[in-house]
Amino acid sequence: MKLHGSFVALVTPYAKGEVDLKKVRELVEFHVKNGTSGICPIATTGEGPVLTQDEKANIVRTVVEAAKGKALVFPGTGTYNTRESIDLTKMAKELGADGALMVTPYYNKPTQEGLFRHFEACAKAVNVPIMLYNVPGRTGVSMAPETTARLSKIKNIVALKDASGNVEQVTMLRALSDIQILSGEDSLTFAIIALGGVGVVSVAANVIPKQVAEMCALELKGEVDKARAVHDRYFELFKNLFIETNPIPVKTTLKKMGLYNGEMRLPMCEMSAAAAEKLEKTLKACKVI
């Protein structure tokens, strides 16, 4: 499977504490209209750890129906439990997802060999394209390029979402394998594509989907100066969407844009006044609101 462009790390909308499937559908339609290549629901930005199994199934089903083959669907099916990760990945496949986004097991901090065996077991159990997800700031463990390269030899492990913050790993990994690499940090997408990446799994795409898709498309076809101009224009936004724990700032932004009520589920809560003020200044400067 060849991947490219902007995959959105989709937020999970709520209404009075319950998942709002009508809004899920609206958000997917918004992305399809604005050139988003893929949808990644129920992952980090989608608050996957606080969703029930039924809620996850309903969200994936709704996203698949709304995308209607116009965007790839890669739900977040990775957990700290290998058996549970396999079950979630099977569920996603049965519901029609195109692939699975699988984070390194969090909290229990496996060794590199443990990481390899975890993903190997998942890939062998479910024949679906898998995008690995390395985000040590969230999980407490970083997957080494050598481990990713070993995993890339498994046929259905097709890509890596890299949110390590270390762009050197992109070059190191490309020297070891031909796995497709997508940025996991909006502020580094331009650099990662320049180093051989194929796109991004983006938080910012929740609010500026057309612009993120455009930046990726321009750079991938060699129009580097135009892509850099988009990067420069929204760099402050890319950074300040992480001024507090994701997805707090992006949900706050969607509320200010009138696209969503901004509701979160504990342990996520509203932004501090100082952070909200700084974010609003950035949104105005970038002409998002």
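Which residue in β9 is the bridge partner of alanine 159? In the predicted model described here, that partner is glutamine 180. The pair belongs to a set of four bridges that join β8 to strand β9, residues 180–183, with the two strands running parallel. The account below begins with the sheet that holds these strands, continues with two helix contacts, and closes with selected residues.

The sheet is open and is formed by eight strands in the order β5-β4-β1-β10-β9-β8-β7-β6, with parallel pairing. Its edges are occupied by β5 (72–73) and β6 (100–103); each has a single partner strand, so one side of each is left without a neighbour in the sheet. Strand pairing in general occurs through backbone hydrogen bonds, in either a parallel or an antiparallel arrangement. At the β6 edge, four bridges in the parallel sense connect β6 with strand β7, which spans residues 130–134. Within this pairing, valine 103 has tyrosine 133 of β7 as its bridge partner. On moving to the next pair in the sheet order, β7 and β8 are linked by five bridges, again in the parallel sense. Here asparagine 134 is matched with aspartate 162 of β8. Strand β8, residues 157–162, is mostly covered, six of its six residues being buried.

Asparagine 134 itself is located in strand β7. With a relative accessibility of 1%, asparagine 134 falls below the 20% limit and therefore counts as buried. When neighbours within four places in sequence are left aside, the contacts of asparagine 134 comprise Thr104, Val141, Ser142, Met143, Leu160, Lys161, Asp162, Ala163, Ser164 and Gln169. The bridge partner aspartate 162 is thus also included among the contacts of asparagine 134.

Two helix contacts involve α10. In general, a packed pair of helices is described by the angle between the axes and by the distance between them. For helix α9 (residues 209–220) and helix α10 (residues 224–240), the axes come within 9 Å and cross at roughly 145°. This crossing is left-handed. On the α9 side, the contact is made by Gln211, Val212, Glu214, Met215, Leu218 and Glu219, and on the α10 side by Lys226, Ala227, Val230, His231, Tyr234 and Phe238. By class, the residues of this contact comprise seven nonpolar, two polar and three charged.

The second contact joins α10 to helix α12 (residues 273–285), where the axes come within 9 Å and cross at roughly 155°. At this angle, α10 is roughly antiparallel to α12. The crossing of α10 past α12 is left-handed. Glu236, Leu237 and Asn240 represent α10 in the contact, opposite Lys278, Leu279, Thr282 and Leu283 of α12. The residues that meet here divide into three nonpolar, two polar and two charged.

Proline 209 is situated in helix α9. Its relative accessibility is 3%, and proline 209 accordingly counts as buried. Beyond neighbours within four places in sequence, proline 209 is in contact with Phe30, His31, Asn34 and Thr36. Proline 209 and serine 6 are separated by 203 residues in sequence, whereas their C-alpha atoms are 7.9 Å apart in space.

Valine 198 occupies the loop between α8 (189–194) and β10 (199–202). Its relative accessibility of 17% places valine 198 in the buried class. With neighbours within four places in sequence set aside, valine 198 is in contact with Leu3, His4, Gly5, Gln180, Ile181, Leu182 and Leu220. Among these contacts is Gln180, the residue identified above as the bridge partner of alanine 159. Valine 198 and alanine 213 lie 15 residues apart in sequence and 12 Å apart in space, C-alpha to C-alpha.

Threonine 44 is found in the loop between β4 (38–40) and α2 (53–67). Apart from neighbours within four places in sequence, threonine 44 is in contact with Tyr133, Arg138 and Asn246. One of these, Tyr133, is the β7 residue that forms the bridge partner of valine 103. The C-alpha atoms of threonine 44 and isoleucine 243 are 16 Å apart in space, and the two residues are 199 residues apart in sequence.

Notes:
Residues numbered from 1 in each chain as written. Predicted model: local features only at pLDDT ≥ 70, side-chain atom pairs only at ≥ 80, totals over all residues. Heavy atoms only, no water. Axes fitted to C-alpha atoms, helices over the stretch in contact; angles between N-to-C directions. Left-handed = near helix turned anticlockwise from the far one by under 90°. Contact = heavy atoms within 4.5 Å. Nonpolar A, V, L, I, M, F, W, Y, C, P; charged D, E, K, R; others polar. Pairing = 2+ DSSP bridges. Parallel < 35°, antiparallel > 145°, perpendicular 65-115°, else oblique. Buried < 20%, exposed > 50% of the residue type's maximum accessible area, 1.4 Å probe, protein only.
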